[in-house]
Amino acid sequence: MADLFAARRETILKRAEPLAARMRPASLEEVSGQEHLLGEGKLLRRMLAADAITSLLLHGPPGTGKTTIAELIASYTKRDFVRENAASVGVKRIREVCEQAAHRLESGGPRTILFLDEIHRFTRSQQDVLLGDVERGLVTLIGATTENPLFACNAALVSRSTLFRLEPVPVESVVEALRRAISDTERGYGVMRVDADVGALMVWATKCDGDVRRALTALEVAVLSQQAAGQDGTEVPIRIDREVAEDSIQQKAVAYDHTGDGHYDAASALIKSVRGNDPDAAVYWTALMLEAGEDPRFIARRMAILASEDIGNADPRAIVIAQSAWDLVERIGMPEARITLGQLVTYLALAPKSNAAYTAIDSAMKDVSEGRTVPVPLHLRDPNSSPVSTEDAEGRGVRMRDRDGERYEYSHNTRDGVTGQDYLGVEKSYYEPTTSGAERVLAERLAEVRKLRERARSSRNG
């Protein structure tokens with residue numbers, strides 16, 4: 001009798017579960033859209049067939065099947081399954097799991113899989129407690145995270161695990177999962193008359209952004225809302241069209257991991273769009289980052305760097321505008337800062353581009369860091385520190401003479417402001433201005449200066 005009541009309670013509790021939980025795949029064949037991992041001949045499928053499962057890190061967007069795959073692995077390998085959340089589990093609980101796993105093995109029982117959701121939140125102390133037992137094979141660790149484990153997880157954990165990336169589920173696979181939920185008589189709505197047209201299915205499949213759980217939740221909301229409107233699904237069919245489907249699925253929060261790939265990929269896309277002179281792409285990536293909660297000061301800082309690195313002297317106003325925008329972002333904050341950033345990125349995207357100044361300083365830095373340094377010529381040194389100095393006859397400077405008789409030449413005493421003076425001591429050209437934007441003027445000026453310098457040297461030597 002007790003077993004009968006227990007079975008009845010389990011049935012009631014099962015029916016009370018959300019549709020997405022009830023429709024969790026019961027076999028590898030029901031897993032949607034991860035054929036690159038579970039298809040015939042693929043690595044994870046081969047590992048399961050050989051019962052060669054080691055510690056795994058499953059990473060990918062929400063609703064792609066990370067928890068489901070972990071549970072199926074435990075089922076296929078007939079291992080005990082313990083599920084914990086890395087954000088809330090403590091060291092004491094980890095020790096308990098490891099001790100229980102050891103006792104289970106000693107008594108001839110199955111091995112244990114410890115599934116840790118949000119494993120990127122795993123602390124150093126938790127890792128130290130667990131890693132020894134993982135290495136000895138007492139516990140098989142399967143971690144799940146929406147972030148890139150190479151950025152978000154401890155290196156020791158990554159080095160002991162096989163990494164598998166789950167991809168967003170394709171639209172056709174989402175539609176298949178929805179049809180299965182509508183027709184399934186045990187877990188879904190197969191005992192009801194649910195008529196969802198193709199347009200409705202496509203709305204859910206496209207708007208869920210590859211998240212099957214979100215699509216199934218939208219289906220459930222649509223069914224419940226239509227039931228509340230008098231369509232009970234028995235005498236009156238539940239009809240779901242495109243409009244009902246649109247109402248049942250809400251705007252999804254932008255998927256964006258602030259410390260992993262999402263952060264770096266979006267920043268890279270923004271920078272490359274501005275560098276590539278595409279203001280439309282630049283404002284889109286800016287909007288994506290802001291909508292995801294990115295710090296607007298980070299965007300302003302990156303654009304200030306870009307103003308020198310990619311625009312430089314082709315438009316000297318760019319760095320001034322970037323500095324002003326950064327100041328305003330600091331002062332006004334969001335949401336108004338979006339306007340300032342929109343103005344900034346569109347201006348920088350359309351500004352003429354040059355990396356000549358960036359290349360020049362980096363070339364000079366490389367020479368210095370690799371030991372290709374030169375001493376300051378005597379005629380350029382501080383007159384107060386040099387024993388060889390004489391005062392200019394006109395009192396407009398100090399003439400200094402080095403051992404070879406080279407004398408500091410006061411450029412304002414020349415007609416063109418250019419002397420034949422050697423200011424470096426070696427022949428080297430670092431800055432080569434382009435002909436882009438305002439830098440064209442600098443290129444013309446540099447060519448003129450070089451001619452005047454050669455003329456002055458020839459005159460002095462002649």
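The secondary structure of the protein chain, taken from a predicted model, comprises 20 helices and nine strands. Of the 462 residues in the chain, 42% are buried. The accessible surface amounts to about 25,600 Å², and carbon and sulfur atoms account for 51% of that area. Among contacts with a sequence separation of 6 or more, 71% join residues that stand 24 or more positions apart.

The interior was examined next. The largest nonpolar core contains 32 residues, and Trp204, Leu219 and Ile240 are the members that touch the most others. Two or more residues of this core come from each of the following elements: helix 2 (19-22), helix 10 (171-183), strand 6 (194-196), helix 11 (198-207), helix 12 (212-228), strand 7 (238-240) and helix 13 (242-248). The greatest contribution is that of helix 12, which supplies seven residues. A second core, separate from the one just described, has 27 residues, among them Ala266, Ala282, Phe298 and Ala322.

The surroundings of Trp204 illustrate how the largest core is assembled. When neighbours within four places in sequence are set aside, Trp204 is in contact with Leu178, Ala196, Ala215, Ala218, Leu219, Ala222, Ile240, Ala245, Ser248 and Ile249. Trp204 is also one of the buried residues of helix 11, together with Ala200, Leu201, Val203 and Ala205. As a group, the buried residues of this helix pack against helix 10, strand 6, helix 12, strand 7 and helix 13.

Both ends of helix 11 show local features. At the N-terminal end, Asp197 acts as a cap, with a side-chain oxygen placed 3.2 Å from the backbone nitrogen of Gly199. Just after the helix, Asp209 adopts a positive phi of about 55°.

On the surface, Leu150, Phe151 and Tyr264 form a nonpolar patch of about 350 Å². Leu150 belongs to helix 8, which spans residues 149-152. The relative accessible area of Leu150 is 60%, and this residue is therefore classed as exposed, since the class begins over 50%.

Several loops contain backbone features of their own. A positive phi, near 50°, is found at Asp51, a residue other than glycine. Asp51 is located in the loop that connects helix 4 (43-49) with strand 1 (56-59). Its relative accessibility is 44%, so Asp51 counts as partly exposed, a class that lies between the limits of 20% and 50%.

Asn277 likewise is a residue other than glycine with a positive phi, here near 65°. The loop that holds Asn277 runs between helix 14 (261-275) and helix 15 (279-291). Asn277 counts as partly exposed because its relative accessibility is 41%.

A further loop, between helix 17 (317-332) and helix 18 (337-350), includes Pro335. The peptide bond leading from Met334 to Pro335 is cis, and its omega is near 10°.

Notes: Residues are numbered from 1 along each chain as its sequence is written. This is a predicted model: local features need pLDDT of at least 70, side-chain atom pairs count only at pLDDT 80 or more; totals for chains, interfaces and linings use all residues. Side-chain values use heavy atoms; hydrogens and water are left out. A nonpolar core is a set of buried Ala, Val, Leu, Ile, Met, Phe, Trp, Tyr and Cys residues joined through side-chain atoms within 4.5 Å. Buried means under 20% relative accessible area, exposed over 50%, partly exposed in between (1.4 Å probe, protein chains only). Helices (H or I, at least four residues) and strands (E, at least two) are DSSP runs, numbered from the N terminus. Contact means heavy atoms within 4.5 Å. Accessible areas come from the Shrake-Rupley method with a 1.4 Å probe; for residues, only the protein chains shown count as cover. A polar contact is a pair of N or O atoms within 3.5 Å; within protein, one must be able to donate a hydrogen and the other to accept it, and residues adjacent in sequence count only if both atoms are side-chain atoms. Patches are made of residues with over 30% relative accessible area and no salt bridge: like charges are joined within 9 Å, nonpolar side chains (Val, Leu, Ile, Met, Phe, Trp, Tyr) within 5 Å. A salt bridge is a side-chain nitrogen of Lys or Arg within 4 Å of a carboxyl oxygen of Asp or Glu.
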